[in-house]
Amino acid sequence: MQPSSVTQEAGGVLDFESKLGTVALDSKFHLLNSDGYVSFPSNFFYFDRFAGVVGEKGPKVVASLSWSNRGVSKVGRIFSEFNTAVRFHCEKIPIGFASFGVNAGENSGLRGDGNGVLEDEGLVLNAVEAESPKKVLILMSDTGGGHRASAEAIKAAFNEAFGEEYQVFVTDLWADHTPWPFNQLPRSYNFLVKHGPLWKMTYYGTAPRLVHQSNFAATGTFVAREVAKGLMKYQPDIIISVHPLMQHVPLRILRAKGLLKKIVFTTVVTDLSTCHPTWFHKLVTRCYCPTNDVAKRALKAGLQSSQIKVYGLPVRPSFIKPVRPKVELRRELGMDEDLPAVLLMGGGEGMGPIEATARALGNALYNEDLGEPIGQVLVICGRNKKLADKLRSIPWKIPVQVKGFVTKMEECMGACDCIITKAGPGTIAEAMIRGLPIILNDYIAGQEVGNVPYVVENGCGKFSKSPKEIAKIVGGWFGPKAEELAAMSQNALKLARPDAVFKIVHDMHQLLRQRTFVTHYSSVTP
């Protein structure tokens with residue numbers, strides 16, 4: 001097998017963001033016991049656990065900020081008010097758990113008769129009772145398109161497999177249910193990814209457990225109440241996380257309220273090889289891994305083998321259905337029915353060297369001696385209308401079809417013989433299901449690094465960032481190296497897991513049935 005030219009990136013980069021977890025102007029911090037504050041020197045800004053939100057016994061560590069400077073009474077009052085607000089915020093018990101018999105206090109807005117009605121919103125919360133339909137809540141974030149695509153794939157699979165038996169909701173937990181600045185996560189991610197060194201620093205700097213756990217503790221201090229309200233708004237029987245930042249805070253809340261044995265909490269990892277440690281949490285009911293490499297990482301992170309299932313990456317159920325004849329698909333897409341075709345993708349935003357690669361393909365797939373094309377190109381520009389208009393204005397010597405944002409990617413792939421794309425896990429998984437050899441032209445530092453050797457070393461494709469080199473590879477596949485193209489197609493099909501999404505939802509269905517049976521049995525057993 002051909003070795004990859006991409007090696008594992010070093011991770012010893014200091015992440016300045018991680019300092020949010022334990023910023024200290026002094027090594028001292030406040031401990032709260034049952035009697036109140038223990039006296040310690042001030043001048044600190046320290047974060048740790050959930051404090052009053054968690055409601056655990058023992059010392060409580062509360063986020064607090066204080067400042068001692070003689071003659072600066074106004075500043076002192078400001079920070080004192082800040083401390084008061086933080087302590088009030090942290091010590092309020094999250095609403096939305098009354099159906100499980102949790103005492104929410106006098107001013108929580110919950111009725112005291114145990115019926116679980118939130119009086120100010122009229123919301124009945126009975127997440128684990130045997131009702132129909134069961135409710136599934138999928139937690140995602142629009143940090144890249146892959147997480148939403150996996151969420152929508154799971155939702156579609158539930159609908160196809162179980163119909164009205166399940167009601168599925170998809171929510172961006174951070175954007176929809178946390179205050180500023182935490183709700184800016186997607187925008188922050190897009191900024192960091194566009195500035196590679198910043199993203200690399202963030203990704204590797206937050207990888208150590210000590211760092212990201214302190215970050216989650218700090219964040220949870222401020223958002224736990226809002227997140228709890230957001231979770232219980234949907235009355236979920238099953239919670240599914242398809243994002244690495246959607247485990248820790250929700251699970252801490254569920255554990256604090258005694259709901260871990262009543263609500264099925266699962267993680268669906270959407271990275272094929274390298275993945276951030278925050279994907280893995282020991283309290284999940286199940287962790288679905290796309291590959292054995294990811295499963296090994298889960299075991300190393302402390303999960304038990306009984307918690308892990310390796311089913312593959314969830315892709316849209318439409319990819320499982322038999323593909324229509326290639327000639328028919330090409331005719332609908334306005335392509336030449338006979339020439340071999342390469343699919344050139346730039347993601348939902350049409351990013352990357354799309355124009356340069358298309359021009360290089362235009363030259364490489366035209367036989368000057370015969371004066372005719374040896375292949376054709378289908379370009380997907382996504383939402384980049386400017387790019388699409390420019391490509392359509394070029395007088396091509398070969399057939400080139402330019403499309404904007406498409407919703408039936410399975411048909412575009414079914415019409416082509418190979419694909420050029422960045423190393424996004426969803427696109428790789430879909431291409432393998434369609435048996436398309438893959439040329440990877442870029443990757444995001446961190447989570448996509450391992451996808452390159454995964455494709456190359458399994459004989460499913462090649463990697464190059466050079467448009468001319470990529471065009472040369474395609475020209476060979478459509479000419480003297482046609483056998484290599486066919487062999488890679490077979491390798492891709494062998495690695496594909498088209499039924500992964502249905503295996504995942506059926507396993508979740510069984511988990512819920514077991515959980516419901518145990519809960520019902522324990523409630524009737526004397």
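**Close-ups: cysteines and an open sheet**

There isn't a single disulfide here: the count for the structure is zero. Keep in mind that this is a predicted model.

**View 1. Cysteine 412 goes without a disulfide partner.** The nearest cysteine sulfur belongs to cysteine 416, and it lies 7.2 Å away. Cysteine 412 has a relative accessibility of 3%, so this residue counts as buried.

**View 2. Cysteine 416, seen from its own sulfur, is too far from another cysteine to bond.** Its closest cysteine sulfur is the one in cysteine 412, at 7.2 Å; a disulfide would need the two sulfur atoms within 2.5 Å. Cysteine 416 is buried too, because its relative accessibility comes to just 1%.

**View 3. Six strands make up an open sheet with parallel pairing.** Read across, the order goes β8-β7-β9-β10-β11-β12. The edges belong to β8 (166–172) and β12 (308–310); each has a single partner strand, so one side of each has no neighbour in the sheet. From one strand to the next, the twist averages 20 degrees.

**View 4. At one end of that order, β11 meets β12.** Strand β11 covers residues 286–289 and runs parallel to β12, with three bridges joining the two. One residue pair to pick out: cysteine 287 has isoleucine 308, in β12, as its bridge partner. Helix α8, spanning residues 292–300, packs on the sheet here and touches both β11 and β12. The direction of α8 makes about 170 degrees with that of β12.

Terms used:
Residues are numbered from 1 along each chain as its sequence is written. This is a predicted model: local features need pLDDT of at least 70, side-chain atom pairs count only at pLDDT 80 or more; totals for chains, interfaces and linings use all residues. Side-chain values use heavy atoms; hydrogens and water are left out. Two strands pair if DSSP finds at least two bridges between them. Helices (H or I, at least four residues) and strands (E, at least two) are DSSP runs, numbered from the N terminus. Axes are lines fitted to C-alpha atoms, for helices over the stretch in contact, and angles run from 0 to 180 degrees between N-to-C directions. Contact means heavy atoms within 4.5 Å. Buried means under 20% relative accessible area, exposed over 50%, partly exposed in between (1.4 Å probe, protein chains only).
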